[in-house]
Amino acid sequence: MITNRRTFIKVLAGAAAATGARLDVAPALAHAAPVRIGVLAAKAGVTAPVGESGLRGTQFAVDRINAAGGIAGRKVELVVEEESNPKDTVERFRKLALQTKAEVITGGISTAVGLAVGPVSEELKALWLAWDATTQKGVEETIPKPRYAFRSVDNEAEAVMASILAARQFKGKIKTVAGINNDYSYGRDNWAAFLAIMKKFGMNVTPVVDLWPKLGETNFTSHVAALQQAKPDLVFSSFWSGDAPILMKQAHAAGLTQGTKFVLTTAGGVHESMKKAFTPEGAIMGYNSLYFEAPNASPLLREFSKWHQERFKEWPNYESDHAYFTIVAYKAAVEKASKAAGGKWPTTEQTVEALEGIEVESLSGRRGYRSDHIMEASYYQGVTTHKNRHDFVTIDPVEVMSTKQIQKPSGTGLYDWINSWSV
Amino acid sequence: MSLRLAVAAALGALALFPLAGRDYYATLMLPFFGYGIALLGLNLLFGTTGLLSFGHALFVALGAYTAAFLTSKLGVLDLEVILMAAAVAGAVIALPTGLLCVRYVRIYFGMLTLAFGMLFYSFLLKFYAVTGGDEGMRVLRPRLLGLAWASFGKVEFLTGPFYYYSLAVLVLGAVVMWRIVRSPFGLGLRAIRENAGKAEFTGVDVRRYRLSAFVVAAVFGAVGGALLPIPTGLADPLLAYWTHSGNLVFMLLLGGFGNFFGPVLGAFVFIVLQDQVMSITQYWRFVFGAILAVVVVFFPQGLTGLLDRRQRAGT
Amino acid sequence: MLGGVFHAAVLFLVAAGLQLVFGVQKILNLACGSFYALGAYAGVSAVSWALAAGAPPPIFPLVLVGAGLGLALVGPVIERLLRTIYDRDESFQLLLTFALVLMFEDVIRFVWGTAPHQLSSAYLVYGQLRVGGLVIPVYNLVVIAAGGAIAALMGFLLARTRFGRIVRATAENRGMAEAMGVDVSRVYVRVFTLGVALGTVGGALVIPATAAVNEMGIDLIVEAFAVVVIGGLGSMRGAVAGALIVGIMRAVAVATYPEVEMLAIYVVVIAVLVLRPAGLFAKAAA
């Protein structure tokens, strides 16, 4: 007889099973263990805004996935650890893999962290989907054939696209160039790529000065003065954090923005700080893989932008897209591998196989992972304009290039690849 | 008597720890050995000689990069060689820096050591052709006692042979430091800390003693630093940043800087605390700052001081 | 060159705060950078509110100074905390200020978040000057003038006023000053607050030209230390000289040999230490 709740539910569930009906009345029975996704997010320092952006993209993805029933029926549970210096971040990664037993770990922004975490992911056989943190030296030396680590787009992709646009835009109009980049691998790689592409396109430009302020510098008055003295026709900068608007502000105050052309490969990452008050029109600016007002933006991007603006009073930037992509790519891979495994939850190796070559719909459009575990994405860059309803610059027209065009194919060196172009 | 018992118990616990089967916590303990050794040196400088260095991370980073350079650039994988090379590197760099720094005391000394630490950090960042810059330099898995332990996966290696090797190095370092502290040299250092003028009067060459303490501390720092990056697989410039030096001093103070076992206890508690607090709140720096403030104001003798007081109160 | 002087003006303000507190209380305040950062963030908030409330743009420097001074109210609170360890070894004081650095970092993150904060148009409210081939924002000159004015004011305060005499007496010999009836604890509170104010006002004044970013205080410490080492600990004149040397040195390095920009500062520090260990204007002996 049905004397208590437990028996009642059992009977009900049995009846439901018998009739094939779906009952939401006994969540305890239908509930399977949640799938833990670990996230390494930077919380302090110059990468903190990027980490925050990534977390927001992650949260958006997870909310939607859970609302739709989870991944293959399992709800997603996020466990966030902080990305700081390589030593501590490796410990956090190990914690997520060994202690928290996360089934996949996403995140990672700084190059050094990427170099440290990559080998650890391989040795622990822990699936790692990085947001950024790619360095070619690391790719070639530390883990040439990664199995469990999936990396982001190459460092120089932004510079490649911006240089191509600059060549198109400024051919015949510039004779001298100057560079001001952060003094670390990302800055150096971008400047070198720019010079190589200028050469390839026969631009005949001479670099007159290159400056290397440290990451986190907030005073560029001396640098601007040096630029003024050198009088370049074009200034190239790969600044991506708070230093981008500071540079423009100080350059503008010194009169440098009149007459000098600017190429800002990644300033779109802090686009809301690039105010019209000091950022000129006619500059080439890159937004990495997410432009918040893309003219043919997908409904997904529009929904995300709106949600982001309402919730945080800010417009989103590219890290949200990288983070979102890792989550939905994982989901798609798991579901694909699960089907192939006859409905069971796939092993890490099976998920890895499914991830290779996968394509999903992300905030920036359709993108995926190459078989060599490097991300494919669409990049958004363009010429700055003041004709908008914001107090910061936007780009118009918006150029879109896929990493299939601006990222070197696997196994090729960057300069060999550039030399092989037909222009 | 009970001290010996406590030490034996701690050693026993440490030795048995990896066997408890929790891999993550075993790997978490690994920096403890490196830091313990580095802090033994810092304690000699601060606890015994009275010189507070805010640049000790320089030598820790130096040791780390020595390990990186030897393993990944020169193919030298024997950890014994690496540790000795780190010790030599520490001494070599400590001599000129020490000569400059020990001319000053107290605040000046702290400032100067901070400046030198940051100089090394800038050097590591700037000369990327040699040091790898912001990307750091890889540290390959070393051979222990001539054996590569190739059949062990990295985690097994770390929680097994490497764990016990590091423990042995720490014990060895502690024994050496014990001898140093108890030697006439150590007595001289303590005299200098109490009253430098008086010590000079009794024939102690203050400057030479301080320099020697500085060099010994640097050697310990570098040896500890050489062990530190092996679980990470990478030596990066942030190891030399001044806040890392600050953390080292924090650990020392937490454990109790006058006491011989203070550094080791401080390293242990700091690592455990950091692991727990970091997972709980993103404002862990605030928590740590508050803990440091509380220790400085209320428990300047650190945890060993607390234990001492308890013991004395109990007898 | 002028850029170097601009940077020097800001450095002077922070270093002056350091020097003052050290000269009187023998505390080396590692948190001086944190006060600078606090001043910067608060400056952005204050001016943004003022402008939103309809204040006319040209008065913004007053708002900035006001924000800096307002924040200096944390001075007495912090001093109270430091007071507990005045009698202890200097190392403890250094450590306590390090604890403050850690705490302030998170306080700033908690209040203002991690994104950069800036003022977009305040910098050019006073327009620009064309000198030779160069364009200089007038605001740079305002900051340099403010730095100079504050330096002069500090000099006057310390040399000519009663308060200044009391401060100097306490710095020379605390015991003697106490015996003469000076309320030393009150002097300490005031001096510390003044030191904090110099830092916060410095941070606020520089913000129109730059932006407030995470960990800006931690980076500034090293430069501030270089300034006091070069100028000599405890000396106000040393703060001026040191700041000018560091600021101009950097400008020169960037213009001539950008490769060593980061290292130039340390080269100068070590050179000064080797040639003139006590700094250029040292009062406190090694």
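Start the tour of this predicted model by selecting chains A and C together, where 33 residues of chain C are in contact with 33 residues of chain A. Colour the chain C side by element, and the ones that give two or more residues to the side touching chain A are helix H1 (2–25), helix H5 (90–112), strand E3 (134–137), helix H10 (216–231), helix H11 (236–256) and helix H12 (261–275) of chain C. Recolour that side of chain C by residue class, and it divides into 17 nonpolar, 10 polar and six charged residues.

Keep chain C on screen and pick C:Tyr257, which is found in the loop between H11 and H12 of chain C. Is C:Tyr257 buried or exposed? C:Tyr257 has 11 other C-beta atoms within 10 Å, and because a residue counts as exposed at 12 or fewer, it is exposed. A distance drawn from the C-alpha atom of C:Tyr257 to that of C:Val229, 28 residues apart along the chain, comes to 24 Å.

Now hide chain C, show chain B, and look at its contact with chain A, in which 21 residues of chain B meet 27 residues of chain A. On the chain B side, two or more residues each come from helix H2 (23–48), helix H7 (154–159) and helix H13 (262–280) of chain B, and the largest share, four residues, comes from H2(B). By class, the chain B residues touching chain A are seven nonpolar, eight polar and six charged.

Next, isolate chain A and colour it by domain. The domain assignment gives domain 1 as 32–153 + 294–376 and domain 2 as 157–288 + 378–419, and the C-alpha centres of the two domains of chain A lie 28 Å apart. The contact between them takes 18 residues from domain 1 of chain A and 20 residues from domain 2 of chain A; on the domain 1 side, eight of these residues are nonpolar, five polar and five charged.

Within chain A, select the strands of the open five-stranded sheet, which has the order E2-E1-E3-E4-E5 and parallel pairing. E2 and strand E5 (149–150) of chain A stand at its edges, each with a single partner strand, so one side of each has no neighbour in the sheet.

Narrow the selection to strand E1 (residues 35–42) of chain A, where seven of the eight residues are buried, so that the strand is largely enclosed by the rest of the structure. E1(A) is joined by eight bridges to strand E2 (residues 76–83) of chain A, and these two strands run parallel. Along this pair, A:Gly38 stands opposite A:Val79 in E2(A), while A:Leu40 stands opposite A:Glu81 in E2(A).

Centre the view on A:Leu40, in strand E1 of chain A, which counts as buried because it has 27 C-beta neighbours inside 10 Å. What does A:Leu40 touch, not counting residues up to four places away in sequence? Its contacts are A:Glu81, A:Glu83, A:Thr89, A:Arg92, A:Phe93, A:Ile105, A:Gly107 and A:Gly108. A:Gly118 is 78 residues from A:Leu40 in sequence, and the two lie 13 Å apart from C-alpha to C-alpha.

Still in chain A, move to the open sheet of seven strands, which are ordered E7-E6-E8-E9-E10-E14-E15 and paired in a mixed fashion. Strand E7 (206–211) and strand E15 (394–402) of chain A stand at the edges, each with a single partner strand, so each has one side without a neighbour in the sheet. With direction ignored, neighbouring strands of this sheet are turned by 20° against each other on average. Zoom in on strand E10 (residues 284–286) and strand E14 (residues 378–385) of chain A, which run antiparallel and are joined by three bridges; here A:Gly286 has A:Gln381 in E14(A) as its bridge partner.

Finally, bring back every chain and select the largest nonpolar core, which has 351 residues, those with the most contacts inside it being B:Ala61, B:Ala115, C:Ala15 and C:Ala224. H1(C) gives the most to this core, with 16 residues. Domain 1 and domain 2 of chain A both give residues to the core, so it lies between them. End at C:Ala15, which, leaving aside its neighbours within four places in sequence, is in contact with C:Ala224, C:Val227, C:Val228, C:Ala239, C:Gly242 and C:Ala243.

Conventions
Residues numbered from 1 in each chain as written. Chains lettered and ligands numbered in written order. Predicted model: local features only at pLDDT ≥ 70, side-chain atom pairs only at ≥ 80, totals over all residues. Domains from an automatic or database assignment. Contact = placed C-beta atoms within 7 Å. Nonpolar A, V, L, I, M, F, W, Y, C, P; charged D, E, K, R; others polar. Pairing = 2+ DSSP bridges. Axes fitted to C-alpha atoms, helices over the stretch in contact; angles between N-to-C directions. Core = buried A, V, L, I, M, F, W, Y, C linked by C-beta atoms within 7 Å. Buried ≥ 20, exposed ≤ 12 C-beta atoms within 10 Å, placed from the backbone.
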